[in-house]
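Ready for some practice in reading a protein model? Work through the exercises below with the structure open beside you, and try each task before you read its solution.

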Amino acid sequence: MRPILSLDKSFLTGAGANPPEHPHNRIHESTGAYVPGLLVGGPNAVIGGDPDQTKYLESGHVPTAKSYLDVLSSWSTNE
């Protein structure tokens with residue numbers, strides 16, 4: 001039986017079929033180097049602090065399990 005995954009996404013850089021590509025990480029941000037083995041935060045449905053995440057959540061009804069952004073600046077989901 002295959003598990004049901006809401007995002008069909010790995011939260012470990014360099015692992016799985018769909019790993020994060022833009023982790024909020026100082027090395028990646030300053031050099032552009034992709035560092036395998038970083039664990040990102042994953043879904044976060046709490047509004048406040050992270051402008052990208054707040055904008056995404058306020059755009060409409062986003063289920064908690066899908067409240068994840070794979071963008072460098074979204075520290076609340078991708079750090």
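**Exercise 1. Decide whether Asp8 is buried, partly exposed or exposed, and find what sets its backbone apart.**

Solution. Keep in mind that this is a predicted model.

Step 1: Take the relative accessible area of Asp8, which is 41%. Buried means under 20% and exposed means over 50%, so Asp8 counts as partly exposed.

Step 2: Locate the residue. Asp8 belongs to the segment before helix H1, which covers 26-31.

Step 3: Look at the backbone. Asp8 has a positive phi of about 50°, although it is not a glycine. Most residues other than glycine have a negative phi.

**Exercise 2. Describe the overall fold of the protein, and explain why it can be called as compact as a globular protein of its length.**

Solution. Step 1: Count the elements. The protein has three helices and zero strands.

Step 2: Put them in order. Along the sequence the pattern reads α-α-α.

Step 3: Compare two radii. For 79 residues the globule rule gives 12 Å, and the radius of gyration of the protein is 13 Å, close to that value, so the protein is as compact as a globular protein of that length.

Step 4: Add the dimensions. The C-alpha trace spans about 40 × 35 × 15 Å along its principal axes.

**Exercise 3. Work out where Ser76 sits and which side chain it joins in a polar contact.**

Solution. Step 1: Find the element. Ser76 is in helix H3, made of residues 75-78.

Step 2: Check the exposure. The relative accessible area of Ser76 is 15%, so this residue is buried.

Step 3: List the neighbours. Leaving aside residues up to four places away in sequence, Ser76 touches Gly42, Asn44, Asp50 and Gln53.

Step 4: Pick out the polar partner. The side chains of Ser76 and Asp50 are joined by a polar contact of 2.8 Å.

**Exercise 4. Say whether His28 is buried or exposed, and name the residues it touches.**

Solution. Step 1: Place the residue. His28 is part of helix H1.

Step 2: Use its relative accessible area. The value for His28 is 12%, so His28 is buried.

Step 3: Read off the contacts. Not counting residues up to four places away in sequence, His28 touches Glu21, His22, Pro23, Ala33, Tyr34 and Leu72.

Step 4: Set this against the whole chain. Of the 79 residues of the protein, 29% count as buried.

Methods
Residues numbered from 1 in each chain as written. Predicted model: local features only at pLDDT ≥ 70, side-chain atom pairs only at ≥ 80, totals over all residues. Heavy atoms only, no water. Helix = DSSP H or I, 4+ residues; strand = E, 2+ residues; numbered from the N terminus. Rg over C-alpha atoms; globule rule 2.2 N^0.38 Å. Buried < 20%, exposed > 50% of the residue type's maximum accessible area, 1.4 Å probe, protein only. Polar contact = N/O pair within 3.5 Å; in protein donor to acceptor, adjacent residues only side chain to side chain. Contact = heavy atoms within 4.5 Å.
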